[in-house]
Amino acid sequence: MAGVVAWVMASSFPASATHPTPFWATNVGSPGDWLVPGHLYVSSIVIDLVPGDSVETVALVGRKQRRGSIAIIGIAVWSDTGDRAVALGGATWSARSGWDFALNRVDFLDLDGDGVLDVGLREAAGGGDWLVQHTVWYRLHEMTLRPVYQLARRVRTHDFEEHRDMAIEGPGLLRERIEHTRFEGRTGLKNDRKNFDVTYRFFPSRWRFAPVSTRVLR
């Protein structure tokens, strides 16, 4: 139960916006010209985030490190292409070793029913005795991408494992089904399994989804 409470009540996001666009030195010319030296767009998806507007591009931003490695340090969004591109926003976080990031087209969702898609970013870390796989959703707001909801798809430690699925119940209303299994510390045998139903609502004043009810199913 402790693991469930910790993830349900978490109010912070692993990839949180700390500065709107620190990797952009300018927005004149093409998106490739905007980047601060030593940064690059690692991968991108072209998608219609805002219906009726020009097509948008969402890109992972990387920073070159020593020995040729690249740390993913943010995401960027702009509309249109070429020299006519318009910067829409970005988010950044401190580079962390051992984390993988990915953009998945199925994670671009309208979570609150306003007609604009929110950007889902998948993250994963760990292996063996511990594992974390989750998605953080961001929404565009005044040249930033603000994290508004985090789904812990799978979490595993030495003594428990948790799986979560999410469904959009209505505008600004999400529902999670959680399967929580606790292990016996010495043998690793499953000895306790519970299922939960958690409802989240979007609170504009907080700029995020927060849990409003939790039910134990069995």
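In which sense do strand S4 and S8 pair, parallel or antiparallel? They pair in the parallel sense, over 2 bridges. Strand S4 covers residues 86–92. The model described here is predicted.

## Strand S8 and its partners

Glycine 89 shows where S8 meets S4. Its bridge partner in S8 is methionine 143.

Strand S7 spans residues 130–141. S7 and S8 pair in the antiparallel sense, and 11 bridges join them. Valine 132 stands opposite valine 155 of S8. The two strands form a hairpin, with 1 residue between them. Glutamate 142 sits in that turn. Its phi is positive, at about 50 degrees.

## From S8 to S9

S8 also runs antiparallel to S9, and 3 bridges join the two. Here valine 155 appears again: it stands opposite glutamate 162 in S9. So valine 155 of S8 faces valine 132 and glutamate 162. A hairpin connects S8 to S9 through 3 residues.

## A salt bridge from the S8–S9 loop

How many salt bridges does the structure hold? It holds 14. One of them joins aspartate 159 to arginine 182. Their closest N and O atoms are 3.4 Å apart. Aspartate 159 lies in the loop between strand S8 (143–156) and strand S9 (160–170), whereas arginine 182 belongs to strand S10 (residues 173–183), so the pair ties together parts that are 23 residues apart in sequence.

Is arginine 182 buried or partly exposed? Arginine 182 is partly exposed, and its relative accessible area is 23%. Buried would require under 20%.

## A buried pair between S9 and S10

Glutamate 176 and arginine 164 also form a salt bridge through their side chains, at 2.6 Å from N to O. This pair links distant parts of the chain. Glutamate 176 is in strand S10, and arginine 164 is in strand S9. They are 12 residues apart. Both glutamate 176 and arginine 164 are buried.

## Arginine 215 and its network

A further salt bridge brings together the side chains of arginine 215 and aspartate 197. The N to O distance is 3.4 Å. Arginine 215 lies in strand S12 (residues 208–216), and aspartate 197 lies in strand S11 (residues 190–203), so this contact ties together parts that are 18 residues apart in sequence.

The two partners differ in accessibility. Arginine 215 has 44% relative accessibility and counts as partly exposed. Aspartate 197 has 2% and counts as buried. Which residues join them in one network? Glu169, Arg175 and Arg177 do, through salt bridges that share partners.

## Proline 22 in its loop

Proline 22 is found in the loop between helix H1 (2–8) and helix H2 (31–34). With 37% relative accessibility, proline 22 counts as partly exposed.

What does proline 22 touch, not counting residues up to four places away in sequence? It touches Val36 and Thr92. Proline 22 and valine 36 are 14 residues apart in sequence. In space they are 8.1 Å apart, C-alpha to C-alpha. The other contact, Thr92, falls within the residue range of strand S4, 86–92. S4 is the strand that pairs with S8 in the parallel sense.

How values were computed. Residues numbered from 1 in each chain as written. Predicted model: local features only at pLDDT ≥ 70, side-chain atom pairs only at ≥ 80, totals over all residues. Heavy atoms only, no water. Salt bridge = Lys/Arg side-chain N within 4 Å of Asp/Glu carboxyl O. Helix = DSSP H or I, 4+ residues; strand = E, 2+ residues; numbered from the N terminus. Buried < 20%, exposed > 50% of the residue type's maximum accessible area, 1.4 Å probe, protein only. Contact = heavy atoms within 4.5 Å. Pairing = 2+ DSSP bridges.
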